[in-house]
Structures are given as structure tokens and as C-alpha cells.
Amino acid sequence: MEPPAISCRRLDMSQDAGMFVVPQTIGSVLCCKCGVPMVPNAANMCVTCLRSEVDITEGLQKKVDLKHCPECDCYLQPPKTWIKAQLESKELLTICVKRLKNLNGARLIHAEFIWTEPHSKRIKVKLTVQKEVLNGAILEQSYVVEYHQQDQMCESCTRVAANPDQWVAAVQLRQHVSHRRTFFFLEQLILKHDAATRAIKIKQMDQGIDFFFGNRSHAVKFVEFVGKVAPVRSRHDKQLVSHDAKSNNYNYKYTFSVEISPICREDLICLPPKVAVSLGNLGPLVICTKVTNSIALLDPITLRHCFLDADQYWRSSFKSLLTSRQLVEYIVLDVEPVSSEVNVGGSKCVLADAQVARLSDFGKNDTIFSIRTHLGHLLNPGDYALGYDLYGANNNDIELDKYKGLVLPETILIKKSYEEKRQRKRGKPRPWKLKSLDMEVDNSRGRGDQDKTNNEYEEFLRDLEENPELRFNMSLYRNRDYQPSEMASVTDGGDVPSVPLEELLADLDLSDEEMGDDGMRE
């Protein structure tokens, strides 16, 4: 068969030559019922007459009952599966279509919701089906299925309503350190990814948080999530609650113990000799620069770095030599870069020689330390920095004693300090805020513990302002209490790091009214 373009060209040539050409027409027949001209089909009837003769939706379900849990907003997918779905969502449309028992050989072409009042307990779905009818003719027809929404609490919500403390699985999240910075970070990741939506109760403990679930699978899923964002090791146990000898049914309570690595960001670590050798003679004094599901270690003297995953760490675990609570403030007297900019684990570093003095000694004595630091791209003469004072520290570490003849540097700087510039902004609200988990807090603790927690949370907020990588997987919201007119006074803080406005999410008024102000922290 030759292409249509060639046929059209020959037709034009024939017309130009004056030849008679018979035009091609599409044949039509009369409908055997009403006599209307139509395109021939197998039934010899027009669409209107064919629909009057045959109803392909006859015998199909037009009304269906749908079980809905008003507590958790889930719908029952028989026999026992409860699926969380919103109105007019793809998940709910899938549930509605699956509830249709049979289509009597009809083929489903399209399905869509018809708007109904949300409180009417009615859901209407318009379905379009095709079916072969008389003498092989294919007929397409649309019809509406009405779903009656019946409220029925699911098994987990029934258990919670009967006894809120009746849990099936508990996850005990612990980290044996003297601060809660890691849990502030994990709290935001859990909120970002909705990892604890299935939790019945959340309780804050002394060195961690307990999560209680109504189903073992929910607890297992939560433990897997924590293992993806932090270096952890876990173990689980179960306790028999009841046993039905006739039906051979057992009811257990499951407990998952999850321990987070005590190594935190900005900690100074002395690597054990075996670990240092396995990492290519790294260190032995290194800084922890980042903690995810692996631990990033940096040698501040040579800019060598490595990553330890959870299995490598727990195989030969070690502790920190000094933690962030032992940081000392220094003033920078002179900085001279000795290398170009190097990308270390996604962050920039420049090796430099610097002269620093402790801020507490400045003006009292002439003690000056000549050190090497990895912060050459950030520090300038006159700046302030936080670091570890190895010159005046009393180190009693077993791993450090294993290195004979090791000469310790007098000071290791960790980060640039903006404390003096923040004094001008003290007391002024931030333009952003964070959400918090609805957890039970033990109020029996003393005021000193509460003040300590507040100070640690303030340090966490400062870390978010200074480190964009730290807030990468977090949701920050606009603070409605922040007055834009205060921008002029805020700029008095100089080059203090802050969160750009384009990174903030708009906060819905509806959620604020439902949650109240307790769900937000500034």
C-alpha cells in the first residue's frame, strides 16, 4: 500500500489533467428500529436504540456498604485489612472499586468520584464500563454506585478506647550520653516522615523516649526507620500475656530495645589502635562531623576522613574523649591558610595555621597557642571559635594511654562562635519554629533538669541556623508571632547565620487551632 501523500499527489494530477475521479464516501445504513442513518454495526441499530434494548449495567451493584473507622480515618478492605485513606483520594477509589464483587463480564474503563457532602456518610463513584452485546457490538455505558459509609472502630482503636495503656509492642529508644541533642534531631525526622503516626502513646524517659504501638508490625517498621537515620543496634523480646488452649491462640507483648551510638556530632574521639589501623592509620585524634546511619570522622590536622557504618562501629565500639558540653571559647589572633579548599564529606575545609587565646585568659595573661585547624575558610583575626582545651584538660582515657609518645595538640577548634553577636538579638523571636511530638513528660523532675533541657534545645536551634545540612530533612514553619518590622533591629547582629525565608513552610491556621500552641516549639 502506497503512502497517503503519494495518493493525494496522484489525485491532484488527475484533477489537473481533467480526468473524472469517483469520490469515496462512507457507507451508511438505516437503523432497524427508528430508521435513522448510521454507520453500520453488527446489531444494525443506532446507539440510542441499542441502549433502550440492552442495559449492560443490569445486575451490577449500585449500593455498597463501606466500613469506616472514625478514630484513625481508615477503611476496611475485607477480610481484616484496614487502609488509611482520605476522601476522594486514589487509595479510597481503589478500595471502592475492589468492593464491587463482579461486573458480569463488563470491562471497567473509567472511575471517578462525584462530589457529596463530607458529613453525609455517602460516597458516590461514577463508573464507565464496556460490554459486548448483540452480534458482537460493543456498548459503553456509565452508571453511579453509592457507598454507604458505616462507622466501625478498627481493632487497634477499639483496644485503645478500652484501655489507652493496652499496648502490644513497645520501642525503647536510648542513648547513653549527658544531653538530648540527638533526640531533638530524631524528633524532627520522625515528624517529617510521619514515622510515629501509628504510636498509641509516646513517653519521654531519662535517657531516651518510649514509643508504644498497638501492632507489632508498626513497631518493626519504626525500628527500621530509626536504623536508617542513626547508627543503632537493637534486640527484641516477647512476653506471653494469655493463651487459649482450645483455639491455640497466643497473645504476646513485644519489647524492642534500640540503642543509639553515643558518638555525637562535634565530639572529639581517640580511636583505638586497631580501629585506627583498619581505617588506614587515621588520627588517632579525630572529630565527628556528621551522624546519619553512618559516622563521619575527620582528622583536623591532615583533612583525612572516613565513614563508619553501624556494623563497623558496634563491632569495635568506642567512646568520645571530649563532648560538646566541654567546648571552650577562644579568640582568633591570626590565621594563615596553608592549603587550598578541600571538599570533605560534602562540606568545605581549608587547612590553616592559627594563633588563638582562651577568652577567659584574654587580658589576664599572655598564653597564646599556635595550632593547625581545618576552619581556615571561616576564621579571620578577631573572630571567636569553640574548641577543646587539651592543654588544660585532665584526660583519663584508656585508648589514649595506649599511644606511647603521642604528642597532643594544645587546642583543637571545632566551629566558629557567634555568641557575642547573638547577644544583640537575645530575647527577640525567631522567624521560624518547629513542631514537636505529643509525648508525655515527667514533670516530677527538678527545675534544674528543665532548665538544662531548655538550654540544650536552644543550642539545637542554633545548630540548625549554622548548619544547612542539618536542617535538610526537617520541616521548618513560619512563626506568626514574628514581626517583620523588627527586621531592622535583627540586622544589628551582623553576619549571624539564620534560616532563609524560602526554606520555611507556611503554617496552616486550621492545624494550629486543632493542635493548639503546644504542638509548636520556637
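**A walk through helix α11, a pocket and a small cavity**

Let's start on helix α11, where E456 is found. Keep in mind as you look around that the model is predicted. For a charged residue, where does E456 sit, buried or exposed? At 6% relative accessibility, E456 counts as buried, because the cut-off for that label is anything under 20%. Its contacts beyond the four places on either side in sequence are S178, H179, R180 and F184. Take H179 as an example of how the chain comes back on itself: 277 residues separate it from E456 in sequence, but C-alpha to C-alpha the two are 7.1 Å apart in space.

That long-range pairing fits into a wider count. Among contacts in the protein between residues at least 6 apart in sequence, 65% join residues at least 24 apart. Overall, the protein has 13 helices and 28 strands, and 41% of its 522 residues count as buried.

Stay on α11 and move along to D463, which is also found in that helix. D463 has a relative accessible area of 6%, so it falls under the 20% limit and is buried. What does the side chain of D463 make a polar contact with? The partner is the side chain of R265, at 3.4 Å. Leaving out residues up to four places away in sequence, D463 touches R181, R265, E266, K415 and L470.

Just past the helix, in the loop between α11 and β27 (477–478), you'll find R471. This arginine is buried too, with a relative accessible area of 6%. Its side chain reaches the backbone oxygen of E465 at 3.4 Å. Once neighbours within four places in sequence are set aside, R471 is in contact with L464, E465, L476, S498, V499, P500 and E503.

R265 and L470, both touched by D463, lead us on to the second largest pocket. Which residues lie nearest the centre of that pocket? They are R265, T289, N467, E469 and L470, out of 50 residues that line it. Several elements give two or more residues to this lining: α5 (181–193), α6 (216–229), β15 (285–291), β16 (294–298), β21 (347–349), β25 (411–417) and α11 (447–466). The space inside comes to about 1,200 Å³. If you're thinking about the chemistry of the wall, the lining residues divide into 26 nonpolar, 13 polar and 11 charged.

Helix α5 is on that list, and it takes us to a different kind of space. The model has 2 cavities of 30 Å³ or more, and the second largest cavity holds about 30 Å³ of space. Its lining is made up of L173, F183, L186, E187, I190, I209, F211 and L437. The elements giving two or more residues here are α5 and β11 (208–213), with the largest share, 4 residues, coming from α5. The lining splits into 7 nonpolar residues, no polar ones and 1 charged.

One of those lining residues, I190, deserves a stop. I190 is found in helix α5 and is buried, with a relative accessible area of 3%. Apart from residues up to four places away in sequence, I190 touches A195, A196, F211, F222, F225 and L437. There's another sequence jump here as well: I190 and S436 are 246 residues apart along the chain, while their C-alpha atoms are 9.6 Å apart in space.

Last stop: the cysteines. How many disulfides does the structure hold? The count is 0. C154 is in no disulfide, and the nearest cysteine sulfur, that of C157, is 3.4 Å away. Why doesn't that pair count as a disulfide? The two sulfur atoms would have to be within 2.5 Å, and 3.4 Å is outside that limit, so the pair is left out. C154 is buried, with a relative accessible area of 4%. Another cysteine, C349, counts as buried at 5% relative accessibility.

Notes. Residues numbered from 1 in each chain as written. Predicted model: local features only at pLDDT ≥ 70, side-chain atom pairs only at ≥ 80, totals over all residues. Heavy atoms only, no water. Buried < 20%, exposed > 50% of the residue type's maximum accessible area, 1.4 Å probe, protein only. 1 Å grid on protein atoms, 1.4 Å probe; cavity = no way out; pocket = protein on both sides within 12 Å on 5 of 7 lines; lining within 4 Å. Points joined across faces, edges and corners; volume = space filled by probe spheres on them. Nonpolar A, V, L, I, M, F, W, Y, C, P; charged D, E, K, R; others polar. Contact = heavy atoms within 4.5 Å. Polar contact = N/O pair within 3.5 Å; in protein donor to acceptor, adjacent residues only side chain to side chain.
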